[in-house]
Amino acid sequence: MKADQRCVMTGTHFINGDAACCEGALSAGARFAAGYPITPSTEIVERFAARAPQVGGLFIQMEDELASSIAIQGMVWGGQKSFTVTSGPGYSLMMEHIGLAAISETPCVFVDVQRGGPSTGLPTLPAQGDMMQARFGSHGDYVTIAICPNSPQECYDLTVKCFNLAEKFRVPVMFMMDECVGHMTEKVVIPPAEEIDLYPRRHASKPPGEFQLFEAGEELVPEMAHAGEGYKLYVTGLTHDKRGYPALNPAAQRELVGRLFEKIRRAQDELTMVEAEGLEDADVVVVSYGITSRVAQKAIQAARDKGLKVGKLRLICVWPFPEKLIRELAGKVKALVMPELNMGQVVLELERCAGGQCKVIGVPHPGGTVHKPVEILEAIERGAR
Amino acid sequence: MPKGSVAITTERCKGCGFCVEFCPTHVLELSNAFNAKGYHPPHMLNAEKCSGCNLCGMYCPDFAIFGYKYPDQKAQKGEQGQ
Amino acid sequence: MSTTELHVHNPVEDLLRQDRVPTIWCPGCGIGTTVNSFAHALLGQQINLQKTAIVSGIGCSGRVSGYMNLDSFHTTHGRAIPFATGLKLANPELTVIVYSGDGDLTSIGGNHLIHAARRNMDIMVVCVNNMIYAMTGGQAAATTPGASNSTTTPYGAFEPELNMAQLVDAAGACFVARWTAFHVMQLERTMAKALKKKGFRFIEILSPCPTYYQRKNNMGDALAAMVDYKKRSKIKNGCPTWETALEPGGEIVVGEFVDREREDYLTRMRRQLGSHYSEFPPQPEEQESEGCEKEC
Ligand SMILES: Cc1ncc(C[n+]2csc(CCOP(=O)(O)OP(=O)(O)O)c2C)c(N)n1
Ligand code: SF4
Ligand code: SF4
Ligand code: SF4
Ligand SMILES: [Mg+2]
């Protein structure tokens, strides 16, 4: 289905990443959101609070992030698309409900504009320290999808994508921005509504009585219905059977958790979203994501100027990790270099997937600012040796 | 001629005694018999006194008893015992 | 007199998920008793059950949502109210009821309780107050009367209990009542009234937990608790909520304490937004709805 033109601000804009993210959500059909103010994400909800009533929606500022992260799930089961927005400390408070969305297969989007941590850390300065939290933050076993933009334009485009993925796979999708992209102002082109494809809600195709809320077909993603449609839904955070009824035994756990993993695992190729360049003959490939990829670009150029064969691999979708791609790549190059604005998180996964086939060089950084290109350049040079 | 009676789903009963205690006309008592779960469900001791008011049903936490009125007896729905 | 000649049918059954009873509740647990009053209130008010959703947190009382044959949401511990808030905002047509325990609603979820009352969110909250964390095995709750024993207060609690009626009144609830599981008929009437009211409605029900609260405090079985409620209760409709504190062993003040008119959240939102708010009729369904053409 196509986007609703009443929600889409078609045109060329000069806005920051936060504003672009807000417009992306509206274009994706999310007219409802809940949140709690926190720098550097606040501009997203401020704009949304102004825009939503114009399109028959609303923003509610809840009493905290625990409330926000579950209010959006009420909104989804009430028939809407919804999302919440936060940064570090608030993201920590949302963890329990990421788990709830995972087990109840509630399609929704969590936006985390990352800042320096731990704790209150650096409220106004960038970091990428929540990447492992995006993958493993809630207790228990589950998978999510995590997407990283590196420009305001992508803050728009990929927000739309996040909603589409949430609907398609019925998972909570993590949109992992950072302070730099959030506050960076650039040209953002919003296309006409008819050029924006939206993945429609997987709504029950069977009538009440025949429909089972957690019965999954071939794609392993069940259909859903909303409160008030006569389905007598039963949604619980307990391990449940196909009807949604609690089933507190190992067999039910295996079936449910197994399916939650498998529905994402089998979409690995579709979820391998990268920007690649110069990989064919590269000795060293710089693997990065988010704002760090823009700094890496400088380092790559400098290394090429020195005659080194350097490729670029930017991860747009970090979770699930593009395992297959990295495994193949690691077999062909001397080294993979990964700069990130944390003390070494995603690089652990890179190392695992490389499986010892090549050197893996992390370029850690505690955040607060971005890398100096020369730090990445040095790592490239080490890798090329 | 009693005005009403009760239907008891003995297998659901957990023997709490609420129905016995709060029946305004003391119709019920817990029987000596056990149900499959080992509880003593109620039975009617004074069936002729039952008004079918369903207060027993309102109290039963396990939806195991239900009082109903016989037809043609327009006894008003009372709120005895409160 | 054979019962089979008559069509004997307990209307409460229609509101229960038949494939889920018997319940997990202990013998004499008062939660089930409160469900009778609730079911009769729903049936008596001709509420559209297709448009009625029930939301619970976690706990023995939190299991109510899962036994009701409504749209049932069993969420996380303490967070039923914000979930219900989202549900109601997304679809204002729904009648949304939160049914949960004292620990769930007033301790871990206390902040949400205050703010939903303050917003006058149009939801009805039923709090089963068994004065204990029952599901986890009898630990102290904010509602445990001072000096009571619990597994985490073996020398008695060193803190006074919360009066939730006073709390939600102060926060702005438009309807506040308290009954006990003994008051089945009054509870039904109050629930019926609350179901028809708009805004944040709060009903507290004292309910026996024979397995933990009663047993830990040598208070006898469930029946003894019910008889005790009967003895100690004093009906005081309209009583100022600051005079309704539950003193250990003292009078249990019950009744409808607050019933006032206040604009609820959505009404106020629409009034304040005026012409800035656009109604948003859904777009007519397109023919093709087979997902997007581009891969996602
Ligand atoms: C975040 C979180 N903390 C703790 C628990 C454990 N827990 C489950 S139910 C419960 C207490 C329930 O007490 P109450 O709300 O009074 O319900 P009751 O069982 O007494 O009806 C607790 C502490 C939990 N499930 N989640
Ligand atoms: S229906 Fe009324 S009178 Fe009859 S047993 Fe039940 S409570 Fe007693
Ligand atoms: S109230 Fe119900 S569960 Fe208790 S004794 Fe009577 S029939 Fe049995
Ligand atoms: S533990 Fe207490 S509250 Fe829980 S079911 Fe048993 S009696 Fe009821
Ligand atoms: Mg309790």
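**Close-up views of a predicted model**

Met135(C) sits in the loop of chain C that connects strand E4 (124–129) with helix H6 (164–171); helices (H or I, at least four residues) and strands (E, at least two) are DSSP runs, numbered from the N terminus. Everything shown here belongs to a predicted model, in which local features need pLDDT of at least 70, side-chain atom pairs count only at pLDDT 80 or more, and totals for chains, interfaces and linings use all residues. To help you find your way, residues are numbered from 1 along each chain as its sequence is written, chains are lettered from A and ligands numbered from 1 in the order in which they are written, and side-chain values use heavy atoms, with hydrogens and water left out.

**View 1. A nonpolar surface patch on chain C.** Together with Ile24(C) and Ile58(C), Met135(C) makes a nonpolar patch of about 240 Å² on the surface. Patch residues have over 30% relative accessible area and no salt bridge; like charges are joined within 9 Å and nonpolar side chains (Val, Leu, Ile, Met, Phe, Trp, Tyr) within 5 Å. A salt bridge here is a side-chain nitrogen of Lys or Arg within 4 Å of a carboxyl oxygen of Asp or Glu. Areas come from the Shrake-Rupley method with a 1.4 Å probe, and for residues only the protein chains shown count as cover. Met135(C) itself is partly exposed, at 38% relative accessible area (buried means under 20%, exposed over 50%, partly exposed in between).

**View 2. The magnesium ion (ligand 5) and its protein donors.** Asp102(C) (OD), Asn130(C) (OD1) and Ile132(C) (O) are the protein donors, at 2.0 to 2.2 Å from the ion. Donors are N, O and S atoms within 2.8 Å of the metal (3.2 Å for Na, K and Ca); water is not among the atoms, so sites may look incomplete. Along the sequence, the donor residues follow the spacing D-x27-N-x1-I. Asp102(C) belongs to helix H4 (residues 102–108) of chain C and Asn130(C) to the loop between E4 and H6 of chain C, so this pair ties together parts that are 28 residues apart in sequence. Asp102(C) is buried, with a relative accessible area of 2%, and Asn130(C) is buried too, at 6%.

**View 3. Strand E12 of chain A and its partners.** Five of the five residues in E12(A) (residues 284–288) are buried. On one side these are Val284(A), Val286(A) and Ser288(A), and on the other Val285(A) and Val287(A), so both faces are covered. E12(A) pairs in the parallel sense with strand E13 (residues 310–315) of chain A over five bridges; two strands pair if DSSP finds at least two bridges between them. Val285(A) has Gly311(A) as its bridge partner in E13(A). The path from E12(A) to E13(A) goes through helix H9 (residues 292–305) of chain A in a right-handed β-α-β crossover, meaning that, with the strands pointing away from the viewer, the path from the first strand over the helix to the second runs clockwise. E12(A) also runs parallel to strand E15 (residues 335–339) of chain A, joined by three bridges, with Val284(A) opposite Ala335(A).

**View 4. A cis peptide bond and a positive phi in one loop of chain A.** Gly117(A) and Pro118(A) are joined by a cis peptide bond, with omega near 5 degrees. Pro118(A) lies in the loop between strand E5 (108–116) and strand E6 (122–126) of chain A, and the loop between E5 and E6 also holds Ser119(A). Ser119(A), a residue other than glycine, has a positive phi near 55 degrees; its relative accessible area of 61% makes Ser119(A) exposed.

Conventions: Buried < 20%, exposed > 50% of the residue type's maximum accessible area, 1.4 Å probe, protein only.
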